[in-house]
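Colleague: Before I rely on the terms used for this model, I should like to hear how each one is justified. May we take them in turn?

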Amino acid sequence: MLAHVPYPASRYPVEVMVQRSQDFYSLMNQRRSVRFLSPEPVPRQVIDNVIRTAGTAPSGAHTEPWTFVVVSDPEVKHQIRLVVEEEEEVNYRQRMGDKWVSDLQRLRTNWVKQYLDVAPYLVLIFKQTYGVVAGGQKKTHYYNEISVSISCGLLLAALQNAGLVTVTTTPLNCGPQLRLLLGRPANEKLLMLLPVGYPAPDATVPDLTRKPLDDIMVHL
């Protein structure tokens, strides 16, 4: 049984709350999926801090079922690219179907993932489907995929706050190969792969719009 301690709440005047919420929305509304990254080095401390932030996410029974594998070694990054591109070409040509591929055409995406070599860091997020305690016994990780997904959202926000960019990728059918390549245990399953860095000087993004508030919120 865990002891409970006082919660150090921060409460702001209403006008400050409104301004802080507006400022944060403005910051996050600038977030885009960026596929053109710069090879310029990023301070390792920044990466450590955004991973720490992701680790503050809530999780089922506080099991914290996430592993963030940060890759900066050029050779390992290239091996990851080879695995991803081989599988992604099959996905585009065979597995995804004509409609899925057609829906992606307006975004100009394909199986070539140059950013996997260019980005100074690749962050691979694994969900721990169960834990392992002393003696090799399995520990249940409740709602592990939802918990890790929430942590990914915090990670995206932390990257945006730090002035870095990424593109969320979920490489179909690459998980087992990448798990072995990175030496991760059998209880870990790849959920997401993020190339992380500064945007390239000539980076472009699709000219998209977001749904207005009335389309995404129901107030009763």
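Colleague: How many disulfides does a search of the whole structure find?

Modeller: The model is a predicted one, and the search of the whole structure finds 0 disulfides. A disulfide would require a pair of cysteine sulfur atoms within 2.5 Å.

Colleague: Why is Cys152 called buried?

Modeller: Its relative accessible area is 3%. The cut-off for buried is under 20%, so Cys152 qualifies. Cys174, with a relative accessible area of 0%, is therefore buried as well.

Colleague: Which other residues of the helix that holds Cys152 are buried?

Modeller: Cys152 lies in α6, where the buried residues also include Asn144, Ser147, Val148, Ser151, Leu155 and Leu156. The run Ala157, Ala158, Leu159 and Gln160 is buried too. Among the elements that cover the buried residues of α6 are α1 (14-29), α2, β1, β2 and β5.

Colleague: How do you know that the span of α6 agrees with what is expected of a helix?

Modeller: Helix α6 (residues 144-161) has 18 residues and reaches 26 Å from its first C-alpha to its last. The expected span is 1.5 Å times one less than the number of residues, and for α6 that expectation is 26 Å, to which the computed span is close. Just after the helix, Gly163 takes a positive phi of about 85°.

Colleague: What makes the sheet an open one, and which strands stand at its edges?

Modeller: The sheet has 3 strands in the order β1-β2-β5, with antiparallel pairing. β1 (66-71) and β5 (188-196) are the edge strands: each has a single partner strand, so one side of each lacks a neighbour in the sheet. From one strand to the next, the twist averages 20°.

Colleague: How do you know that these strands are paired?

Modeller: Pairing requires at least two bridges between two strands. β1 and β2 (residues 121-128) have 6 bridges, in the antiparallel sense, and β2 and β5, also antiparallel, are joined by 8. Both counts therefore satisfy the criterion. In the first pairing, Phe68 stands opposite Ile125 of β2; in the second, the bridge partner of Gln128 is Glu188 in β5.

Colleague: What makes β2 a covered strand?

Modeller: Of its 8 residues, 8 are buried. On one side these are Tyr121, Val123, Ile125 and Lys127, and on the other Leu122, Leu124, Phe126 and Gln128, so that both faces of β2 are covered.

Colleague: Which helix lies across the sheet strands, and at what angle to β1 does it run?

Modeller: Helix α2 (residues 44-54) lies across β1, β2 and β5, running at about 165° to β1.

Colleague: What do the totals for the chain say?

Modeller: The chain contains 8 helices and 5 strands, which follow the pattern α-α-β-α-α-α-β-β-β-α-α-β-α along the sequence. Of its 220 residues, 36% count as buried. Among contacts with a separation of 6 or more, 82% come from residues 24 or more positions apart. The accessible surface is about 14,400 Å², and carbon and sulfur atoms hold 54% of it.

Terms used: Residues are numbered from 1 along each chain as its sequence is written. This is a predicted model: local features need pLDDT of at least 70, side-chain atom pairs count only at pLDDT 80 or more; totals for chains, interfaces and linings use all residues. Side-chain values use heavy atoms; hydrogens and water are left out. Buried means under 20% relative accessible area, exposed over 50%, partly exposed in between (1.4 Å probe, protein chains only). Helices (H or I, at least four residues) and strands (E, at least two) are DSSP runs, numbered from the N terminus. Axes are lines fitted to C-alpha atoms, for helices over the stretch in contact, and angles run from 0 to 180 degrees between N-to-C directions. Contact means heavy atoms within 4.5 Å. Accessible areas come from the Shrake-Rupley method with a 1.4 Å probe; for residues, only the protein chains shown count as cover.
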